[in-house]
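Good morning, colleagues. I should like to take a few minutes to present one protein chain and some of its helix packing. Please have the sequence and the structure in view.

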Amino acid sequence: MENVHLVPEEEDDDLYTGYNDYNPTFDSEDLNNDVGFQQAVRTSHGRRPPMTAKYPGTAIGGRPIGTAYGSRVPVGTAMGRPMTGAVQDGAARPMTAVRAAGYSSSIARGSVFDPLGQSKGPAPPLERQNEDTPEEKIKILEKKVNDLIEESCLAHAHGDLQLSLEKAKEAGRKERALVRQREQTGTADHINLDLTYSVLFNLANQYASNDMYTEALNTYQVIVKNKMFNNAGRLKVNMANIYFKQKNYTKAIKFYRMALDQISNAHNAMRIKIMQNIGVVFIHMGQYSDAITSFEYIMSENPNIKTGFNLILCYYAIGDRERMKKAFQKLICVPLGIDDEDKYIPANDDPHANMVIEAIKNDKLHQMERDRKALAEKYIMTSAKLIAPAIESSFAAGFDWCVDMVKGSQYVELANDLEINKAITYLRQRDFKQAEAVETLKMFEKKDSRVKSAAATNLSFLYFLEKDYDQADRYAELAMSADRYNPAALINKGNTVFVKEDYEKAAEFYKEALRNDSSCTEALYNLGLTYKRLGRLEESLDCFLKLHAILRNSAQVMYQLANLYEMLEDPHQAIEWLMQLTSVTPTDAQVLAKLGDLYDNEGDKSQAFQYYYESYRYFPSNISVIEWLGAYYIDTQFCEKAIQYFERATLIQPTQVKWQLMVASCYRRSGNYQKALETYKDIHRKFPENVECLRFLVRLCTDMGLKEVQDYATKLKKVEKMKEIREQRVRSGRESSARGRREGSAGSGNTSNLTHTLPKKPSDVDLISGDVQLSASGSAGFKGSGSNPQKPSGSSSSPINTPPLRASVSRSEAKYSPVLQQGRDSGQSNHGTSAKGERLSIKLKTLPGSNEPYEASTQQEIDASYVDPLGPQMQRPKTAARKRTEEDEFADEELGDDLLPE
């Protein structure tokens, strides 16, 4: 208590009391004026004696340092040494240091007091590192090798496989140079094994990525055989993967099992993955029992979705019904390991919590959870569709069992999708159980909005196919009300408006569907068709060009582009797009015929013939192609080749007399008069009132000197008389309706001055816009009499997509050969006959259309002159056998007296 000092009560309680007080012993500012201190410095009391060799043992040859009392005796022990810090005589001893604070007794005379060493000047500069030493060269080389490995990995991540391989090879060369340099310097014991492992492992990976499997296997073998590398046995998994890619399944299983043996049970996840790979290899080998063994082990240890799905496939392959059911139940019980979606819903008005929820809604983790859940639903849906027909006696019963199982699992929401898929499967079956499908879909009208929208979209599609547009419009409205952002519902609504020819409104629905889903190809296609109907060809062209950028190999899109360029009077671009279309559908007869038509319009007959002939080879029943080819051979004076085409047309349209007349005319033109006569007689038996046939018979019999000429002439007169009477009766009719009916009965006549209509080409192009598919003919939008009966696979789509929209796209009028295209002869040969008594014309007469029955017509005058429907024959070249009489163009002129010479 006597050492405790209490503060006097009278002193003020000042926080800064004694702040400026200090011990004068530590005052060094007035040392220069301190006489005692200066005297001590100058006398021997402040200097150490000069150092001599008398006192060896110190680093500088001085004597041992003395104690504070100046004695030279060794330092005593703790018992004999005076205690420092002890209170002696009531006064505290000043604290001293073991070493002096910058000054000692050995300082030479005349030295300046410099306790901090400031008189020595600045520190010398750092010495430069010598890079020529072997150690520095090795360090630099190691750094280069590491940099090359990083560059190789980055190039591989960016997809530049060739560059990554080059960098890996260069890293290997540098690493070998590094090893040689260490061996030369005698530091081989310090070789960096980790660096060597990294170089070889990266090189093997790059070889495998570049499909250089042999080099990759050799590199992996080098690593595996080196016992100095730890855990190198795991790389046998990589070697097994390469053997699997090479389809060497036996070696793949061998290496997978070797890797499995070298991995301890502590790494269970790695062992499970290797077992899964072994099961997949067994599936590829067809050994389903061995695969089932691997998958069952995995499902018992660490179940996952992929393994459960593969197990179901194996059971399905061996046809085990009961084990399929058990495997499906295991599949829907596999935990996904993801959080509930409720955590992303704000629970209160806490702004900080809401900000956190908004931040994690679309982060990488949530995206991974969504992808994992979508994958699980996909596997479950596929499994249900696969095993439904196999586990029960009927598809419906099996699907109902799957739905019941799903309803009791964590995938309750998937049950509704399974029900809708069941209805769609009904529609896809060939027995067309449409009633069950419709009833199944109507069950969802009172469900939640998402399921209701999907079901209503499918119902709208079904009614649209049945052309029940009112019901289709009703369900499209229901789907839109349930989910306004459903693009399929908007497209269905636009289709129902399109068929009512309200194109502006339809375009608005298609645009809204595109705003909701910019990748909706059906909406873009239908919008292009709508613009085409509105005559806005440039906007339609823009839509189809965008669609072509998305669907590079869509035949319909290419045809629409070609058709638009044709409508824009750019035939070269149309031909270019049709040429691209032939690369996608090379056997499309209608596309080839269209190419021939465009080349014919351009005047390139050889190219037109080539494409028309190819079209005829693929589809020999197109009347327009047959007619063009026959006319082409007649135009080129090869009538014998034209006969086969007109005979085929006769088989296709046996009630049309014009094809048989053309066959007979070809025989006559080729010089086979007997065959021509027989053909005309056969035509007369089938069509006894045909005036053209009787005229040809009269002419041929006359030229050949046959006796039947009088009989045919009599028949011709009777037919002409009968037609004249019939025509008089028609003219004498009083009522216009009756006259119209009688004129219809006397419709397509056979007299020489009656004009008939050639069969037109198909003018309507049926286009499926909802699912962007080819027409039933397999062509790019052509349909009709000339359709190819083949249908390309994969053209149909699920009813969940947009229903088809049939849009008639007008094509240009059919162009034919100049022989068929020119006007027909009027038949008035008796007024302008030549010296032979007939007037030859190079124009073919127009004949009845392909869909019109043949009927006789009336004629005012009997005209028995012979008119060739195929045009005049080629004149024989003139020779010098007979002198050609010069025709005087003034022969018929009468010379007056004023023109005579005087």
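**Helix packing in a predicted model**

Buried residues make up 40% of the 902 residues in this protein chain. I should state at once that the model is predicted. The chain contains 34 helices and 2 strands. If we take the contacts with a separation of 6 or more, residues 24 or more positions apart account for 59% of them.

Let me begin with helix α21, residues 521–533. Its 13 residues reach 19 Å from the first C-alpha to the last, close to the 18 Å expected at 1.5 Å a residue. Is this helix mostly covered or mostly uncovered? It is mostly covered, since 12 of the 13 residues of α21 are buried. Among them are T521, E522, A523 and L524 at the start, and Y531 and K532 further along. And what do the buried residues of α21 pack against? They pack against four helices: α19 (487–499), α20 (503–516), α22 (537–550) and α23 (555–567). Just after α21, G535 takes a positive phi of about 80 degrees.

One of those partners, α19, also packs with helix α18, residues 469–482. Here the angle is about 150 degrees and the axes are 8 Å apart. Angles over 145 degrees count as roughly antiparallel, and α18 and α19 are therefore roughly antiparallel to each other. The crossing of α18 past α19 is left-handed. On the α18 side, the contact is made by Y469, A472, D473, A476, E477, A479 and M480. On the α19 side, the residues are A489, L490, N492, K493, T496 and V499. By class, the residues of this contact divide into 8 nonpolar, 2 polar and 3 charged. As a general reminder, an α-helix has 3.6 residues a turn, so residues three or four places apart point the same way.

I turn now to a second pair. Helix α11, residues 321–332, packs with helix α14, residues 395–407, at an angle of about 30 degrees, with axes 10 Å apart. That angle makes α11 roughly parallel to α14, the limit for that term being under 35 degrees. In this pair, α11 passes α14 in a right-handed crossing. Which residues make the contact? From α11 they are K325, F328, Q329 and I332, and from α14 they are W401, C402, M405 and V406. The residues of the contact between α11 and α14 divide into 6 nonpolar, 1 polar and 1 charged.

Thank you for your attention.

Methods. Residues are numbered from 1 along each chain as its sequence is written. This is a predicted model: local features need pLDDT of at least 70, side-chain atom pairs count only at pLDDT 80 or more; totals for chains, interfaces and linings use all residues. Side-chain values use heavy atoms; hydrogens and water are left out. Axes are lines fitted to C-alpha atoms, for helices over the stretch in contact, and angles run from 0 to 180 degrees between N-to-C directions. Angles under 35 degrees count as roughly parallel, over 145 as roughly antiparallel, 65 to 115 as roughly perpendicular and the rest as oblique. A crossing is left-handed if the near helix is turned anticlockwise from the far one by less than a right angle, and right-handed if clockwise. Contact means heavy atoms within 4.5 Å. Ala, Val, Leu, Ile, Met, Phe, Trp, Tyr, Cys and Pro count as nonpolar, Asp, Glu, Lys and Arg as charged, and the others, Gly among them, as polar. The expected span of a helix is 1.5 Å times one less than its number of residues. Buried means under 20% relative accessible area, exposed over 50%, partly exposed in between (1.4 Å probe, protein chains only).
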